[in-house]
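Let's take a walk through this fold together, starting from a few side chains and working outward. Keep the viewer open as you read.

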Amino acid sequence: MSQDIERTADRLENIRSVQPLLGALRTISMGSWQKARRHNTSVAQYRSRLQGILRLLLPRLPSRRRPPAPLHEPRGAGIVVLVMGSERGLVGQFNRVVAGQAVAHARQWADAGVPVELWALGGRVIRILRRQGREPDLTRSLSTAALPSYRLAFDLTRRLLTRFEAGELDGVDVVYNTYRGVGQYRPAVGQLIPPEISLGDEDADQETWPPILETDPMGLYTRLAEQLTAISLYGWLVESATAEHAARYQLMEDASQNAERLIDELTMQVQMARRQAITQEMQELVAGAGMLASQGRR
């Protein structure tokens with residue numbers, strides 16, 4: 001009985017020592033999640049403003065040039081499938097789900113006879129792909145303590161656009177986890193190149209006060225298209241980070257609640273075991289006292 005009490009008490013002490021760490025991780029995850037949500041909103045607003053500028057610019061282009069159409073029939077140069085994961089763990093199936101979606105999407109292109117390059121961002125998803133026998137053609141690490149870097153998104157965008165304009169790529173698809181709420185995410189596929197630029201209503205081009213352009217419209221359009229593509233990639237990185245931090249927060253919240261429940265249960269078990277031990281000792285004392293009394297009467 002004493003050994004059972006000691007084991008239960010040791011387990012209770014271990015959980016009590018871990019509980020503050022779980023609470024700290026939950027607080028950090030909540031702060032990171034809220035910060036990522038706010039940043040995600042800011043990125044979406046910035047992208048919307050770029051879209052508005054592009055709508056004003058398009059009528060000033062020499063040939064009324066429109067963005068490229070969505071990719072339907074690759075020319076045979078190949079496709080890049082870029083998958084976004086996480087650098088840190090404690091996110092459940094976050095990386096496994098998005099890795100599975102990326103492999104399935106790449107297989108669809110390969111089955112159609114299209115050459116596929118698999119690029120991966122985030123150490124965790126890279127390891128999962130390698131364990132599955134899929135060595136990524138390009139890998140990049142993500143920040144473990146801060147939000148994703150815009151420099152990473154911009155550098156990747158310029159590299160991909162250069163290859164696309166040179167005819168070395170037909171397009172780029174991005175696989176990432178979309179944010180669906182606390183602890184909820186869903187893998188999605190977005191087309192990065194050719195860029196899917198939403199121009200809105202055609203009437204939006206008929207502004208009351210036309211802008212004054214003091215530079216080459218085509219040069220400005222090229223710069224805007226590059227920025228819009230880069231901010232789209234960055235927006236998906238931030239949304240993936242938002243989903244990651246929300247998933248980690250939910251797991252830490254569940255772990256904290258489970259720790260509290262186990263502490264209550266183990267505390268009751270220890271108290272009951274100690275009461276039983278005390279009762280047994282008293283019974284043994286009473287029985288021993290009775291035996292002594294009967295021997296004394298003899």
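Start with the aromatics: Tyr 150, Phe 154 and Tyr 234 are joined into a cluster by ring pairs. Bear in mind as you look that this is a predicted model. In total, the count of aromatic pairs comes to 5.

One of those pairs is Trp 33 with Tyr 249. Their ring centres sit 5.4 Å apart and the planes meet at 25°, which is under the 30 degree cut-off, so the pair is stacked. Where do the two rings come from? Trp 33 belongs to helix α1 and Tyr 249 to helix α5, so to speak two distant parts of the chain, 216 residues apart. Trp 33 is buried, at a relative accessible area of 7%, and Tyr 249 also counts as buried, at 15%. Another pair has a different geometry: the centres of Phe 94 and Tyr 185 are 5.2 Å apart with planes at 70°, and that angle is over 60 degrees, so this one is edge-to-face. This pair, too, links distant parts of the chain, with Phe 94 in helix α2 and Tyr 185 in strand β5, 91 residues apart. Is each ring buried or partly exposed? Phe 94 has 0% relative accessibility and counts as buried, whereas Tyr 185, at 23%, counts as partly exposed.

Back to Trp 33 for a moment, since it leads to a histidine. His 245 is found in helix α5, and it is buried, with a relative accessible area of 9%. What does His 245 touch, once residues up to four places away in sequence are set aside? The list is Ser 29, Ser 32, Trp 33, Ala 36 and Arg 88.

Now zoom out to the whole chain. There are 5 helices and 5 strands, and reading along the sequence gives the pattern α-β-α-β-α-β-α-β-β-α. Of the 298 residues, 41% count as buried. If you like contact maps, take the contacts between residues at least 6 apart in sequence: 80% of them join residues at least 24 apart. The accessible surface comes to about 16,800 Å², and carbon and sulfur atoms account for 51% of that.

On to the strands, with β4 as the guide. It is mostly covered, with 9 of its 11 residues buried. β4 pairs with β1 in the parallel sense over 5 bridges, and with β5 in the antiparallel sense over 9 bridges. You can follow both pairings through Asp 173: this β4 residue is the bridge partner of Val 81, and its own partner in β5 is Gln 191. The hairpin of β4 and β5 has 2 residues between the strands, and Gly 183 takes a positive phi there, near 70°.

What fills the inside? The largest nonpolar core has 34 residues, and Met 84, Leu 160, Val 174, Leu 192 and Leu 233 have the most contacts inside it. The elements giving two or more residues to this core are α1 (2–57), β1 (79–84), β2 (116–121), α4 (150–165), β4 (171–181), β5 (184–193) and α5 (217–297). Which of them gives the most? That is α5, with 9 residues.

Leu 160 makes a good place to stand and look around. Leaving aside neighbours within four places in sequence, Leu 160 is in contact with Val 80, Trp 119, Leu 169, Val 172, Leu 192 and Ile 193. Apart from this largest core lies another, of 17 residues, including Val 81, Ala 106, Val 114 and Leu 118. Val 81 is the residue you met earlier as the bridge partner of Asp 173.

Finish with helix α3, residues 123–131. Which of its residues are buried? They are Gly 123, Val 125, Ile 126, Ile 128 and Leu 129. The cover over these buried residues includes β1, α2 (94–111), β2 and β3 (138–140). After α3 comes Gly 133, with a positive phi near 80°.

Notes
Residues are numbered from 1 along each chain as its sequence is written. Side-chain values use heavy atoms; hydrogens and water are left out. A nonpolar core is a set of buried Ala, Val, Leu, Ile, Met, Phe, Trp, Tyr and Cys residues joined through side-chain atoms within 4.5 Å. Buried means under 20% relative accessible area, exposed over 50%, partly exposed in between (1.4 Å probe, protein chains only). Helices (H or I, at least four residues) and strands (E, at least two) are DSSP runs, numbered from the N terminus. Contact means heavy atoms within 4.5 Å. Rings of Phe, Tyr and Trp (its six-membered ring) pair if their centres lie within 6.5 Å; planes under 30 degrees apart count as stacked, over 60 as edge-to-face and the rest as tilted. Accessible areas come from the Shrake-Rupley method with a 1.4 Å probe; for residues, only the protein chains shown count as cover. Two strands pair if DSSP finds at least two bridges between them.
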